[in-house]
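Biologist: Please pick one part of this model and give it a close look for me. How many residues of the lining of the largest cavity are nonpolar, polar and charged?

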Amino acid sequence: MSQGPRSGLAAVSSALLAMSRHLEVRDVLKTIVASARELLNAQYAALGVPDDHGGFAQFVVDGVSEEQWKAIGPLPRQHGILAAMLQEARFERLADVRKDPRFEGWPSAHPDMSDFLGLPIRDGDEVIGALFLANKRCPKPEGSCGFTEDDEELLTILAQHAAIALTNARLYERSRELTIAEERSRLAHELHDAVAQKLFSLRLTAQAAAALVDRDPSRAKGELQQVATLAAEAADELRAAVVELRPAALDEDGLVATLRTQVQVLDRAHTARVTFTSQGVRALPAAQEEALLRVAQEALHNALRHSGAQHVEVTLHKRGPAALLRVTDDGVGFDPTAIRRAGRHLGLVSMRDRASGIGGRLTVESAPGKGTTIEMEAPGG
């Protein structure tokens with residue numbers, strides 16, 4: 001802000017506009033970090049997005065060359081001052097970060113840093129990032145911090161807008177993933193129909209071949225060749241239908257963050273209130289996480305499309321050695337027995353298959369006018 005009020009305001013405005021232009025999370029992170037370093041005249045800046053495993057899902061730096069960054073090594077863990085910012089959600093302004101009792105050192109290739117300014121980026125009550133700067137470019141007396149209260153105020157403004165930009169970018173990416181998932185589901189249903197038709201033709205052809213074996217072996221041989229052709233076509237289409245990729249968001253953010261974000265997207269997209277709470281569930285094996293996510297998606301789809309619910313609640317918490325997912329709605333409900341008799345299953349068969357495939361258990365409680373509760377218990381929580 002030393003260039004004067006007008007030029008300082010213009011710089012802040014340019015930074016905020018730059019953040020709002022991007023829709024990709026990585027681009028937003030880079031813009032936030034570069035803007036913070038330039039506005040506060042710091043030598044280094046970084047922004048970390050925490051994961052649920054004690055580390056950072058993403059970590060972006062500015063002021064460090066690519067060669068330096070590679071030499072530094074793996075992403076930092078949530079410890080020391082970074083952990084304090086994330087856990088206590090407060091400012092940290094230090095004259096010399098190396099002399100703070102919480103400082104735990106850094107890799108040999110890490111640049112040397114002294115004065116430090118950092119704060120968490122928050123979306124409501126959730127801490128979604130940690131933004132910090134080091135080595136203010138200004139004269140400073142021995143033992144004092146170059147960063148000032150004015151810098152804190154400016155960084156606070158920047159962080160507030162950064163939270164909006166980052167949340168919007170994450171919601172955009174998740175909504176795009178949901179669109180892709182819906183398209184995959186549609187294609188899978190189409191493939192399933194095609195496979196069913198092939199198998200029906202295969203059955204009729206096999207029956208014809210069996211009837212011709214004794215009285216016309218030549219024609220029977222031709223029918224059996226057709227059986228082989230139909231079976232090969234059905235196998236090819238079935239393979240295409242069952243190929244299923246692990247959702248990218250699980251690898252990047254983990255199950256809890258992925259569920260939370262998808263629920264936020266659905267809450268904005270539907271008139272029903274959709275909420276999510278989690279307690280005690282940490283990282284799970286990949287198969288468990290994917291199964292829980294798929295069951296939650298199917299249950300949410302049913303609740304929002306068919307139940308007429310005003311509120312859908314998703315919870316994920318520990319139950320002994322297992323993780324328990326519960327999706328509850330206050331909609332019209334249904335009679336599970338009648339659904340089975342009518343040959344409809346609202347995805348219940350698929351959900352049960354998901355649960356049993358990982359050694360888990362799925363229960364469904366519903367009745368007309370009573371809403372619906374779907375629970376899945378997965379081992380290893």
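Modeller: Sorted by class, the lining of the largest cavity has three nonpolar, three polar and four charged residues. Nonpolar here is Ala, Val, Leu, Ile, Met, Phe, Trp, Tyr, Cys or Pro, charged is Asp, Glu, Lys or Arg, and everything else, Gly included, is polar. Keep in mind that this is a predicted model, where local features need pLDDT of at least 70 and side-chain atom pairs need 80 or more, while totals for chains, interfaces and linings use all residues. Numbering runs from 1 along each chain as its sequence is written, and side-chain values use heavy atoms, with hydrogens and water left out.

Now, the space itself. The largest cavity fills about 90 Å³. A cavity is a set of points on a 1 Å grid over the protein atoms alone where a 1.4 Å probe fits but cannot get out, a pocket is an open set with protein on both sides within 12 Å along at least five of seven lines, and lining residues have an atom within 4 Å of a point. Points are joined across faces, edges and corners, and volume is the space filled by probe spheres set on them.

So who stands around it? Going along the chain, you meet Asp-123, Glu-126 and Ile-128, then Thr-167, Arg-170 and Leu-171, and finally Ala-257, Arg-260, Thr-261 and Gln-264. You can trace much of that list to three elements: strand 5, helix 5 (149–212) and helix 7 each put in at least two residues. Helix 7 gives the largest share, with four residues. For bookkeeping, helices (H or I, at least four residues) and strands (E, at least two) are DSSP runs counted from the N terminus. The chain has ten of each: ten helices and ten strands.

Let's see what else the search turns up. Across the whole structure there are two cavities of 30 Å³ or more. The second largest cavity holds about 30 Å³ of space. Its lining is made of Val-25, Val-49, Gln-58, Leu-166, Arg-170, Arg-174, Glu-252 and Asp-253. Helix 5 and helix 7 are the elements that give two or more residues here. This time helix 5 supplies the largest share, three residues. By class, you get three nonpolar residues, one polar and four charged. Look out for Arg-170, a name you'll find in the lining of the largest cavity and again in that of the second largest cavity.

There's an open space to compare with, too. The second largest pocket has a volume of about 720 Å³. Its lining has 28 residues, and those nearest the centre are Asp-52, Glu-126, Val-127, Val-256 and Arg-260. Two or more of the lining residues come from each of strand 1 (42–50), helix 4 (80–88), strand 5 (126–136), helix 7 (248–269) and strand 6 (273–279). Helix 7 again makes the largest contribution, six residues. The pocket lining splits into nine nonpolar, nine polar and ten charged residues.

Put those lists side by side in your viewer. Glu-126 and Arg-260 help line the largest cavity, and both are among the residues nearest the centre of the second largest pocket. Helix 7 also keeps coming back: find it in the largest cavity, in the second largest cavity and in the second largest pocket. If you want one element to colour before you start exploring, there's your pick.
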